[in-house]
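Hi everyone, thanks for coming. Let me put the sequence and the structure up on the screen, and then we'll walk through a few spots together.

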Amino acid sequence: MVKIGRNDPCPCGSGKKYKKCCMKAQQESQENLKDLYYKRYKIRLKEEKDLEEIRRAGDLVVRTLDMVADLVRPGVSTDSINQRVHEFTVDHGAVPAPLNYSGFPKSVCISVNEVICHGIPGEYELREGDIVNVDVTSRLNGYYADASKTFKVGQVSDEAAGLVDVAHHCLERGLGQVAPGNTVGDIGWAIQGYAEKRGCSVVREMVGHGVGFEFHEPPQVPHFGEKGNGIILVPGMVFTVEPMINLGGRELKVLEDKWTAVTKDGSLSAQFEKTVAVTTQGCDVLTPWR
C-alpha cells in the first residue's frame, strides 16, 4: 500500500487534493461510527494516537511476561512472582492495574492447575508438573494493556501439556476471526469449535473485554457462540481475547475469597490472552508475546 499525503491528488480521480476530498469523507465517516458505537454499545473506538499508547503499555506487559518466564520453576512462591511483577512494573513508570481493583489485593493474577482465573498470589510454592497462568495488566501513561500466558513448571503430564497446547491454539483461532465486518460471535465460534473437538470445554462465565482507556470496557467477548452473531467488528475497537479452557467440565465455582475461580470438578484449566485492535486490514496484536 502506498501512503497518500494530505496534499497529494485524491486517488478517486476527482482532481482535488486528498485532504479536501476522500480524506475528509473518511474522517467524517469514522466520526459517525464512533458516535454510533458509543451510543449503541458504549464502545469507545480508539484513534491511532490511542493505539500507539496502548501498544507502549502492551510492550511493557510482554516484557513483564518474559521476566516471569525466568521465575517459573519449582520452589518459587506465587507471592514472590507477584512482588517481582510489581517492582518491574513500577520501575518502568507504570501501575499494576489489578492492585486494589474492586478490592483485589495483589498486583497480578496467578492461577495454578485447577484455578481458572483471578488466583491471588500467596505462600503456595510451585511444584514440578504444575501449570500456572500469569495474567498481567499494566497502566502506562493512562492507557491499559492486558495479556496472560500459561507456563509449564518443569516436566508436566501429557494431559497437562495437551491442555496448554489446546488453549494456545484456541487463542490463535479466535484471533484469526478478528477483522472488520466479522462479529464478536465469530471469535467465540472458532474457539468453542476447536476446544470441543479436542475433548476440552470452554468456560462461559469469564469473557474477554474492551480495554485501553480503562481496565475493563465494552464489549464483552465470549469464547463460545455462533458464527455471525453479536456486534460487528469495526476499526478502532480494542479488546482482549482470553479463552479459559478446561480439561474436564466447563462449570466453575468461586472460593470464599470471592475472587479465585476454580473448576467445579477439580480438572486442570489453562488460558492465554492478548490485547488486539481491529484495523482496516484485520487484526493488530498490541501485546505480541511469543
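So, where is Lys42 found? It sits in the loop between helix H1 (22–41) and helix H2 (48–69). Before I go on, please keep in mind that this is a predicted model.

Okay, what's odd about the backbone there? Most residues other than glycine have a negative phi. Lys42 isn't a glycine, yet its phi is near 65°, a positive value. As for its surroundings, Lys42 is partly exposed, with a relative accessible area of 48%.

Ser102 is another residue of this kind: it has a positive phi of about 50° although it is not a glycine. You'll find Ser102 in the loop between strand E1 (95–96) and strand E2 (109–112). Is Ser102 buried or exposed? It's exposed, and its relative accessible area is 62%.

While we're on the backbone, most peptide bonds are trans. Now look at the bond from Pro218 to Pro219: that one is cis, with omega near 5°. Pro219 belongs to strand E8, which covers residues 217–221.

Next, let's look at a pair of strands. Strand E4 (residues 131–140) and E5 run antiparallel to each other and pair over 10 bridges. If you want one bridge to click on, take Thr137, whose partner in E5 is Asp146. The hairpin these strands make has two residues between the strands, and in it Asn141 takes a positive phi near 55°. How well covered is strand E5? Mostly covered: of the 10 residues in E5 (residues 143–152), nine are buried.

That takes us inside. In soluble globular proteins, nonpolar side chains tend to be buried together. Here, the largest nonpolar core has 72 residues, and the ones touching the most other members are Val132, Val134, Met237, Phe239 and Ile245. Which element gives the largest share of this core? That's H2, with nine residues. There's also a second, separate core of seven residues, and Ile116, Cys117, Met244 and Leu252 are among them.

Let's zoom in on Val134. Leaving out residues up to four places away in sequence, Val134 touches Leu65, Val68, Val108, Cys109, Ile110, Ala147, Ser148, Lys149 and Phe151.

Cys109 on that list brings me to the cysteines. A disulfide is a covalent bond between the sulfur atoms of two cysteines. How many disulfides does a search of the whole structure find? Zero. For Cys109, the nearest cysteine sulfur is that of Cys117, 7.6 Å away, and Cys109 is in no disulfide. Cys109 is also buried, at a relative accessible area of 10%. And why is there no bond at Cys200? Because the closest cysteine sulfur, in Cys170, is 7.3 Å from the sulfur of Cys200, which is too far. Cys200 is buried too, with a relative accessible area of 8%.

One last stop: Ser267. This residue lies in the loop between strand E12 (261–263) and strand E13 (269–271). Even though it's in a loop, Ser267 is buried, with a relative accessible area of 13%. What does Ser267 touch, not counting residues up to four places away in sequence? Glu114, Asn246, Leu247, Gly248 and Gly249. With Gly248 there's a polar detail to see as well: a polar atom of the Ser267 side chain lies 3.1 Å from the backbone nitrogen of Gly248.

That's it from me, thanks for listening!

Definitions and conventions. Residues are numbered from 1 along each chain as its sequence is written. This is a predicted model: local features need pLDDT of at least 70, side-chain atom pairs count only at pLDDT 80 or more; totals for chains, interfaces and linings use all residues. Side-chain values use heavy atoms; hydrogens and water are left out. Helices (H or I, at least four residues) and strands (E, at least two) are DSSP runs, numbered from the N terminus. Buried means under 20% relative accessible area, exposed over 50%, partly exposed in between (1.4 Å probe, protein chains only). A disulfide is a pair of cysteine sulfur atoms within 2.5 Å. Two strands pair if DSSP finds at least two bridges between them. A nonpolar core is a set of buried Ala, Val, Leu, Ile, Met, Phe, Trp, Tyr and Cys residues joined through side-chain atoms within 4.5 Å. Contact means heavy atoms within 4.5 Å. A polar contact is a pair of N or O atoms within 3.5 Å; within protein, one must be able to donate a hydrogen and the other to accept it, and residues adjacent in sequence count only if both atoms are side-chain atoms.
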